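Dear colleague,

I am handing over the structure we spoke about, and I would be glad if you looked through it slowly before reading my notes. Please keep it open beside this message as you go.

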Amino acid sequence: MRNIEPVICYPVEGLPQPDISGLQEIRRTATQSDQITVPPRDAACIVVPAGAFFRITSVEGPQVGDLNLWSADDLNERFYSGKTRALHGTHLSTGDRMWSSFPMMRPMATIVDDSLDWYGFDQFGGSVHDVIGTRCDPYTGRLLSGDDYHHCCHSNLTRALAAHSKLPLHEAEAYVHDVLNVFMCTGFTRDTGQYFMKASPVRLGDYLEFHAEIDLLVGLSACPGGDCSSEHSSDTADCHPLEISVWIPDGSTRTKHEMPQLNAYDRSHGVG
């Protein structure tokens, strides 16, 4: 049985493929419209209209970030990391898409440029920009260490979403979800299959850039692990800010963008 060839669970040949070269050409017409700086061990939110681009940049030193996406019109539509992983693999780069949760399930954002795409997979099976880690959180921290730490990525994103949406903290927390770990270098150990992290290759000026397929609310936490070379969920790592910039194409190009339709499944689930 061990020698049986594996079968890909979700063949993606039937997926509509993004026109990356066309999007990159449109990107060259864009001008910057907005920008925020995400402080170390904190998070921030920014709105990105459909058809625009947003870039996450390392602006001071090695730093990873935890990314959440929501529909700007409905927080119930949010990034679905598990299905994105099933469709594109454990780590994302140029040409991959971030898909939204059921029942909407449509592309939310497409990666159009990645300054770290040279890294590939290293000898340990590590790569960057993973959709396998969930986000550092105070509940797991409490379970493992017995301590309360309030500046992990889950708490950072909860505070940022609550502040942006004017929701009570406990309501905002329910919308925070599993992330794209931007710039983080991760994998699974070959002997025990455990999730590992190692020092990120990200350096000053490195970036990951996306095309917004729908109107987005983007939330990003600058992880308390810094470059994740030693630990996270503590105040000991050397941490740096991250920057999100929004780029708007010229008007004629922007009006041609068509937002992906909601998933066409009828939701009858075999009843009736």
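What follows is a description of what was found, taken part by part.

Please bear in mind from the start that this is a predicted model.

I begin with the open sheet, which has 6 strands in the order β1-β13-β3-β11-β7-β6, with antiparallel pairing. The edges are taken by β1 (31-38) and β6 (97-99), and because each of these has a single partner strand, one side of each is left without a neighbour in the sheet. From one strand to the next, the twist averages 25°. The partner of β6 is strand β7 (residues 107-114), and the two pair in the antiparallel sense over 3 bridges; if you would like one pair of residues to look for, Met98 has Ala109 in β7 as its bridge partner. Helix α1 (residues 20-27) packs on this sheet, where it touches β3 (53-58), β7, β11 (207-212) and β13 (242-248), and the direction of the helix makes about 75° with that of β7.

A second group of strands can be followed from β9 (180-188). Of the 9 residues of β9, 8 are buried, so this strand is largely enclosed by the rest of the structure. Strand β4 (residues 65-71) pairs with β9 in the antiparallel sense over 3 bridges, and here Leu67 has Leu180 as its bridge partner. Strand β8 (residues 127-130) also runs antiparallel to β9 and is joined to it by 3 bridges, with Ser127 and Thr186 as bridge partners. Between β9 and β10 there are 4 bridges, again in the antiparallel sense, and Phe188 is matched there with Tyr195 of β10. The hairpin of β9 and β10 has 6 residues between the strands, and within this hairpin Gly193 takes a positive phi near 70°.

Both β9 and β10 come up again at the largest pocket, which has a volume of about 390 Å³. Of the 24 residues that line this pocket, Arg135, Cys136, Asp137, His232 and Ser233 are the closest to its centre. The elements that give two or more residues to the lining are α3 (138-145), β9 and β10, and α3 gives the most, with 6 residues.

How many disulfides does a search of the whole structure find? The search finds 0. Cys185, for instance, is in no disulfide, because the nearest cysteine sulfur, that of Cys228, is 10.0 Å away, whereas a disulfide needs the two sulfur atoms within 2.5 Å. Cys185 is also buried, with a relative accessible area of 0%. Cys239 is likewise in no disulfide, and for this residue the nearest cysteine sulfur, that of Cys223, is 7.0 Å away. With a relative accessibility of 11%, Cys239 counts as buried.

Finally, please find Gly205, which has its place in the loop between β10 (195-198) and β11. Is this glycine buried, exposed or partly exposed? Gly205 has a relative accessible area of 40%, and it is partly exposed because that value lies between the 20% under which a residue is buried and the 50% over which a residue is exposed. Leaving aside the neighbours within four places in sequence, Gly205 is in contact with Thr57 and Ser58. Gly205 and Leu23 are 182 residues apart in sequence, and from C-alpha to C-alpha they are 21 Å apart in space.

With best wishes

Key
Residues numbered from 1 in each chain as written. Predicted model: local features only at pLDDT ≥ 70, side-chain atom pairs only at ≥ 80, totals over all residues. Heavy atoms only, no water. Pairing = 2+ DSSP bridges. Axes fitted to C-alpha atoms, helices over the stretch in contact; angles between N-to-C directions. Contact = heavy atoms within 4.5 Å. Buried < 20%, exposed > 50% of the residue type's maximum accessible area, 1.4 Å probe, protein only. 1 Å grid on protein atoms, 1.4 Å probe; cavity = no way out; pocket = protein on both sides within 12 Å on 5 of 7 lines; lining within 4 Å. Points joined across faces, edges and corners; volume = space filled by probe spheres on them.
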